[in-house]
Amino acid sequence: MGGDHGPSVVVPGIREYLRRHGGENVRFLLHGDQTAIAAEMAKCKLTAEVCEIRHTDKVVAMDEKPATAMRRGKGSSLWNAVESVKSGEAGAVVSAGNTGALMAISKLILRMSAPGLERPAIVASWPTLKGVTAVLDVGANIESDAEQLIEFAIMGEAFHAAVHGVKKPTIGVLNVGSEDMKGHEEVREAHAILRAGGLDLNYHGFVEGDDIAKGTVDVVVTDGFTGNIALKTAEGTARFISTLLKGALSSSVQAKMGALLALPALKAMGQKIDPNAINGGPLLGLNGIVVKSHGGATAQGFGNAIRIGVDLARSDYLTTVGSKLGRLDDIMHALPSAAEAGEAAASSGEILQ
């Protein structure tokens, strides 16, 4: 019931998923207003064998505050959808609804898979010159310590393998330079632990902002503050270039003729950077699979978010993440504390930088 369009996009999104991916052994539980959903199902010719409606009159508004949604949201379509994952009735939940409410309710019901994670990490599938790069976090965790950054690396690797089919994804930590001494303390500590190799990750090292679009690595790890700014900057730049290009190609008769000749190439480029083609940002770090669709997604875009949910549900993503997070916990406990490190340095005559 969420998003800009509710059932009029969500239900056709199911049809798009089935048309593009077949949907073998996939069924849908549609939580919300039965009358509205049934009308859209009839238009899309979707039967009860594929889609089962779970009626509720209660809906979380798009502008509702997360704290309010947690207090008053029980019994809403959003709450019930997340509950279905906790009970094991559903393998994943996909929603175009209120992001803050979805995150808060998911955390409350499903809980976090790692004690150090305060909130789920949002991962974005970023189009690059080499394909797609997973970037996380892009907005959920404003500040992240070294352990959380490593947790993002673990979750990002498992996500990229499950959804984008890369067997051993390469991982980079976003920084202001590639040298070991660059960046703040948390970034350098995460880099050192990842480079040590105890987590069996394919770690590349530090990457810079321009490496994202180049596709230098498969997974880029950063805190939510930096990641969100990077994402919004890229989206704004893409819109800026698109506007300039449209203006240039319609500025004269000759330009219009050139645009007509270049139309196939322009369409291919448009599909590459179309947000609907890569729509669907999982909330990683939960004990369950939750995928957030853009509120303004088209049916094709929502269908892609469904595909991501299905791929994650069918993969060993949760098992892989759980195993490596357990190994990370052992590694972090084995590291010397700051006080112990200081004593060791003092006794050896080293100066801590």
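Colleague: Let's start with V9. Is V9 buried or exposed?
Modeller: Keep in mind that this is a predicted model. V9 sits in helix 1. Its relative accessible area is 15%, and the cut-off for that class is under 20%, so V9 comes out as buried.

Colleague: Which residues is V9 in contact with, once neighbours within four places in sequence are left aside?
Modeller: E40 is 31 residues from V9 in sequence, with 8.9 Å between the C-alpha atoms. The contact list itself, leaving aside neighbours within four places in sequence, reads A297, T298, A299 and F302.

Colleague: Staying in helix 1, how far apart are the closest N and O atoms of E16 and R20?
Modeller: Both residues lie in helix 1 (residues 7-21), four residues apart, which is about one turn of the helix. E16 is buried at 13% relative accessible area, while R20 is partly exposed at 46%. The two form a salt bridge, and their closest N and O atoms are apart by 3.6 Å.

Colleague: And how many salt bridges does the structure hold?
Modeller: Side chains of opposite charge can pair when their charged atoms come close. Some of the pairing here goes beyond couples: R27, E52, R54 and E89 are linked in a network of salt bridges. For the structure, the count of salt bridges is 13.

Colleague: Take K324 and E157 next. How many residues apart are they?
Modeller: Their side chains meet in a salt bridge, 3.0 Å from N to O. This pair links distant parts of the chain, with K324 in helix 13 (residues 317-334) and E157 in helix 6 (residues 146-164). Both K324 and E157 are buried. The separation along the chain is 167 residues.

Colleague: What about R307 and D311, which helix are they in?
Modeller: These two side chains meet in a salt bridge, 2.9 Å from N to O. R307 is buried with a relative accessible area of 16%, whereas D311 is partly exposed with 23%. They are four residues apart, so about one helical turn separates them, and the helix in question is helix 12 (residues 299-314).

Colleague: Is helix 6 roughly parallel or roughly perpendicular to helix 12?
Modeller: Two packed helices are described by the angle between their axes and the distance between the axes. Here the axes of helix 6 and helix 12 come within 8 Å and cross at roughly 110°. Angles of 65 to 115 degrees share one class, so helix 6 is, relative to helix 12, roughly perpendicular.

Colleague: How many charged residues are in the contact of helix 6 with helix 12?
Modeller: Helix 6 brings F159, A162 and V163, and helix 12 brings R307, I308, D311 and L312. Of these contact residues, five are nonpolar and none is polar, and the charged ones number two.

Colleague: F159 is in that contact. What does F159 touch, leaving aside neighbours within four places in sequence?
Modeller: From helix 12, I308 and L312 are in contact with F159. The full list, with those neighbours left aside, is V123, S125, A134, H164, P282, L284, I308, L312 and Y317.

Colleague: Which helix gives the most to the largest nonpolar core?
Modeller: In soluble globular proteins, nonpolar side chains tend to be buried together. The largest nonpolar core has 38 residues, and the members that touch the most others are I150, F159, L194, V221 and Y317. With ten residues, the top contributor to this core is helix 6.

Colleague: There is a second, separate core as well; how many residues does it have?
Modeller: Its members include V82, M112, A140 and V217. The size of this second core is 31 residues.

Colleague: Now K130. Is K130 buried or exposed?
Modeller: K130 is found in the loop between strand 4 (121-128) and strand 5 (131-136). Leaving aside neighbours within four places in sequence, it is in contact with K214 and G215. K130 and K214 are 84 residues apart in sequence but 6.9 Å apart in space, C-alpha to C-alpha. The relative accessibility of K130 is 66%, and the cut-off is over 50%, so K130 counts as exposed.

Colleague: Last one: is S144 buried or exposed?
Modeller: S144 has its place in the loop between strand 5 and helix 6. Not counting residues up to four places away in sequence, S144 touches L149, F152, E186 and D223. Its relative accessibility is 10%, so S144 counts as buried.

Methods
Residues are numbered from 1 along each chain as its sequence is written. This is a predicted model: local features need pLDDT of at least 70, side-chain atom pairs count only at pLDDT 80 or more; totals for chains, interfaces and linings use all residues. Side-chain values use heavy atoms; hydrogens and water are left out. A salt bridge is a side-chain nitrogen of Lys or Arg within 4 Å of a carboxyl oxygen of Asp or Glu. Helices (H or I, at least four residues) and strands (E, at least two) are DSSP runs, numbered from the N terminus. Buried means under 20% relative accessible area, exposed over 50%, partly exposed in between (1.4 Å probe, protein chains only). Axes are lines fitted to C-alpha atoms, for helices over the stretch in contact, and angles run from 0 to 180 degrees between N-to-C directions. Angles under 35 degrees count as roughly parallel, over 145 as roughly antiparallel, 65 to 115 as roughly perpendicular and the rest as oblique. Contact means heavy atoms within 4.5 Å. Ala, Val, Leu, Ile, Met, Phe, Trp, Tyr, Cys and Pro count as nonpolar, Asp, Glu, Lys and Arg as charged, and the others, Gly among them, as polar. A nonpolar core is a set of buried Ala, Val, Leu, Ile, Met, Phe, Trp, Tyr and Cys residues joined through side-chain atoms within 4.5 Å.
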